[in-house]
Structures are given as structure tokens and as C-alpha cells.
Amino acid sequence: MNSHSVVPLRPDRDCSVTVVDADRVAGVREALPADGSIEELAQIFGLLADPRRLRLIAALLEGGEMCVCDLTAITGHSMSAASHALRLLRAKRVVKVRRSGRMAYYRLADSHVRMLLDVALAHIRHEQGERDD
């Protein structure tokens, strides 16, 4: 297709423009992550959308590896709620666990999780700074 190709649109569902940049549309479609990756990403963001789980993650971000007892003391969660949340986060490889006897110690899975949270927090602080101006 050339840049003047017409891509048919459904007027009832799509924008009112009837001619689009077909090359750009095709290029972006090819560059999009695979459907499976999008689904997994949505699941991870869904996990991160819960304030209780985010509080646990933020505690791990600040404190490094910690046992469930320390995490419950920091976050105010019950042991059961914290354990359940950590189990969900571990299933999606957001946190890792290390066992020592009967104790379980959790940490962020890798630097990507830390970067994701750092960027999100920087974004929030940036927006708050703009509102304060």
C-alpha cells in the first residue's frame, strides 16, 4: 500500500475520517506487542492497580527483602491478606520468595519492576508539581 491508500472504516464505530495514512497504520500494527503479551501486561497492571498490593510493593522497593511479618507491620495488612497478595504477585513474577526454615522472605523480582514503579512515582510527582504551580 502507498501513503494514499484508502482503508475502509465503519462509520458507526470508527472516526469520521475516511482516509488514513495506511503505511503508518500498517507500521504501527506490526510494531504492537503480540496479543499474548498485551494480555499478560494487562494482568500485571491489574495486579498493580490494587492499593494493598502496591503498598506491599512500595515497601519492598524501599526496604529490600523482607519477611511477611515485617511487611504486615509496615503495611497494616493482616498476615492472611499479605500472604494472599504476595502469592498473586509471585505468580506473575513481580516478587520472588526465599525460604529460610519456616520464614518466607520476599523481594522485588528484578530491576524492571523497580524501574516501572520508579517511573510511575516520578510521573505522579511530576503531575503534582504541575498542579502546585
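Select Gly76 to begin: this glycine follows helix H4 and has a positive phi, near 80°. The model is a predicted one, in which local features need pLDDT of at least 70 and side-chain atom pairs count only at pLDDT 80 or more, while totals for chains, interfaces and linings use all residues. Residues are numbered from 1 along each chain as its sequence is written, and side-chain values use heavy atoms, with hydrogens and water left out.

Next, select H4 itself, residues 68-75; helices here are DSSP runs of H or I with at least four residues, strands are runs of E with at least two, and both are numbered from the N terminus. Val68, Leu71, Thr72 and Thr75 are buried, that is, under 20% relative accessible area with a 1.4 Å probe and protein chains only. They lie on the same side of H4 because they cover an arc of only 100° around the axis, taken from the directions from the helix axis to the C-beta atoms. On the face turned away from that buried side, look for Ala73 and Ile74, which are exposed (over 50%).

Now add helix H3 (51-63), S1, H5 and S3, against which the buried residues of H4 pack; contact means heavy atoms within 4.5 Å.

Finally, display the sheet, an open one of 3 antiparallel strands in the order S1-S3-S2, where pairing requires at least two DSSP bridges between two strands. Strand S1 (66-67) and strand S2 (95-100) are the edge strands, each pairing on one side only. Between S1 and strand S3 (residues 103-108) there are 2 bridges, and Cys67 stands opposite Tyr105 in S3.
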